[in-house]
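Let's take a walk through this structure together, one region at a time. Keep the model open beside the text and turn it as you read.

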Amino acid sequence: DFGFRDQMRRASVSIASNIAEGDESGTDKLAIRFFNIAKGSSAELYTQSIIAEKVVYITKNEKDELLKECESISSMLHRRIQSSQD
């Protein structure tokens, strides 16, 4: 399914792009906004990974690796947001 695969790619690119924009934004308020968008894209990719395994687009091992990466990214972003708010 090209559309589904494309949506997963867009979510992945959105994570990295919004982290980069947040890092270069110049203000904590704007950085936090971009980091929250990146967290949302990570949650989107997390959910899509579960669906992708259920419809047999990816293996369980691939899904597990993606979930682990999404959880790690989300956790790092959470800490980064917290440090920007202090």
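## A guided look at the pocket and its surroundings

By class, the residues lining the largest pocket are seven nonpolar, one polar and three charged. Keep in mind as you look around that this is a predicted model. The pocket has a volume of about 180 Å³. To find its walls, pick out Asp 1, Phe 4, Arg 5, Met 8, Arg 9, Ser 12, Leu 45, Ala 52, Tyr 57, Ile 58 and Leu 66. Which helix gives the most to this lining? Helix 1 does, with five residues. Helix 2 also takes part, as helix 1 and helix 2 each supply at least two residues of the lining.

Stay with helix 1, which spans residues 2-23, and move along to Asn 18, which lies in this helix. Is Asn 18 buried or exposed? With a relative accessible area of 9%, Asn 18 falls under the 20% limit and is therefore buried. Leaving aside residues up to four places away in sequence, Asn 18 touches Phe 34, Phe 35, Ile 37 and Ala 38.

Helix 1 also holds a salt bridge, formed by Asp 6 and Arg 10. The closest N and O atoms of this pair are 2.3 Å apart. Both residues lie in helix 1 and are four residues apart, about one turn of the helix. Asp 6 has a relative accessible area of 24%, so it counts as partly exposed. Arg 10 is likewise partly exposed, at 45% relative accessibility.

Now turn to the other salt bridges; the count for the model comes to five. Glu 53 forms one with Lys 63, where the closest N and O atoms are 3.2 Å apart. Because Glu 53 lies in helix 2 and Lys 63 in helix 3, this pair ties together parts that are ten residues apart in sequence. How do the two partners stand in terms of accessibility, and which of them is buried? Lys 63 is buried, with a relative accessible area of 12%, whereas Glu 53 counts as partly exposed at 24%. Lys 63 also meets the side chain of Asp 64 in a salt bridge, at 3.4 Å from N to O. Asp 64 is partly exposed, with a relative accessible area of 29%. Step back and you can trace a network of salt bridges that links Glu 53, Lys 60, Lys 63 and Asp 64.

Between helix 2 (28-54) and helix 3 (60-85) runs a loop, and Val 56 lies in it. The backbone here deserves a look: phi of Val 56 is near 65 degrees, a positive value in a residue other than glycine. Most residues other than glycine have a negative phi. As for its surroundings, Val 56 has a relative accessible area of 68%, which is over 50%, so this residue is exposed.

Our last stop is Glu 71, in helix 3. Which side chain does the side chain of Glu 71 make a polar contact with? The partner is the side chain of Tyr 46, at 3.3 Å. Glu 71 is partly exposed, with a relative accessible area of 44%. For a sense of distance, compare Glu 71 with Asp 28: the two are 43 residues apart in sequence and 23 Å apart in space, C-alpha to C-alpha.

Terms used: Residues numbered from 1 in each chain as written. Predicted model: local features only at pLDDT ≥ 70, side-chain atom pairs only at ≥ 80, totals over all residues. Heavy atoms only, no water. Buried < 20%, exposed > 50% of the residue type's maximum accessible area, 1.4 Å probe, protein only. Polar contact = N/O pair within 3.5 Å; in protein donor to acceptor, adjacent residues only side chain to side chain. Contact = heavy atoms within 4.5 Å. 1 Å grid on protein atoms, 1.4 Å probe; cavity = no way out; pocket = protein on both sides within 12 Å on 5 of 7 lines; lining within 4 Å. Points joined across faces, edges and corners; volume = space filled by probe spheres on them. Nonpolar A, V, L, I, M, F, W, Y, C, P; charged D, E, K, R; others polar. Salt bridge = Lys/Arg side-chain N within 4 Å of Asp/Glu carboxyl O.
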